[in-house]
Amino acid sequence: PAQHQALLAIKGMPDPVTVGSLAEWLDVRPHSAAGLVNRLAALKLVQRLEDRADRRRMRLQLTGRAEAKLDALSQIHRAELRRFSAALAPLLAALH
């Protein structure tokens, strides 16, 4: 779950995404975010790019592999929502 949240955050955050900004976004300590990014990089889901404006800073970018995983998970989640919506619709209608 943490890796999936991090991937979604990196995808949705405004540039530049750094370990520090990811930590803030996820509300975790910077060393926790760094460990998470290390694991994602080892899985080839995130790459670190040198920031041209500040060479001390590394920007985070999703790889094509990460994009494909997120797309696949989104399709699964949409299918689950469609399946559950049929069951939830009558319950929600009864609340009104």
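Lys11 has a relative accessibility of 45% in this predicted model, and it therefore counts as partly exposed, since that value lies between the 20% and 50% limits. Its side chain forms a salt bridge with Glu67, in which the closest N and O atoms are 2.6 Å apart. This pair links distant parts of the chain, for Lys11 belongs to helix α1 and Glu67 to helix α4, with their positions 56 residues apart in the numbering. Glu67 is partly exposed as well, its relative accessible area being 29%.

The salt bridges come to 4 in total, and the table sets out some of them.

| Basic residue | Acidic residue | N to O distance |
|---|---|---|
| Lys11 | Glu67 | 2.6 Å |
| Arg55 | Glu50 | 3.3 Å |
| Arg57 | Asp51 | 2.7 Å |

In the pair of Arg55 and Glu50, the arginine is exposed at 63% relative accessibility, while Glu50 is partly exposed at 42%. In the pair of Arg57 and Asp51, Arg57 is partly exposed at 33%, whereas Asp51 has a relative accessible area of 5% and is buried, because this value falls under 20%.

The largest nonpolar core holds 16 residues, and those that touch the most other members are Leu7, Ile10, Leu22, Leu40, Val46, Leu60 and Leu62. Two or more residues come from each of α1 (2-12), α3 (30-42), β2 (58-62) and α4 (64-95), and α1 gives the most, with 4. Beyond its neighbours within four places in sequence, Ile10 is in contact with Val17, Leu22, Val46, Leu60 and Leu62. In soluble globular proteins, nonpolar side chains tend to be buried together.

Methods. Residues are numbered from 1 along each chain as its sequence is written. This is a predicted model: local features need pLDDT of at least 70, side-chain atom pairs count only at pLDDT 80 or more; totals for chains, interfaces and linings use all residues. Side-chain values use heavy atoms; hydrogens and water are left out. A nonpolar core is a set of buried Ala, Val, Leu, Ile, Met, Phe, Trp, Tyr and Cys residues joined through side-chain atoms within 4.5 Å. Buried means under 20% relative accessible area, exposed over 50%, partly exposed in between (1.4 Å probe, protein chains only). Contact means heavy atoms within 4.5 Å.
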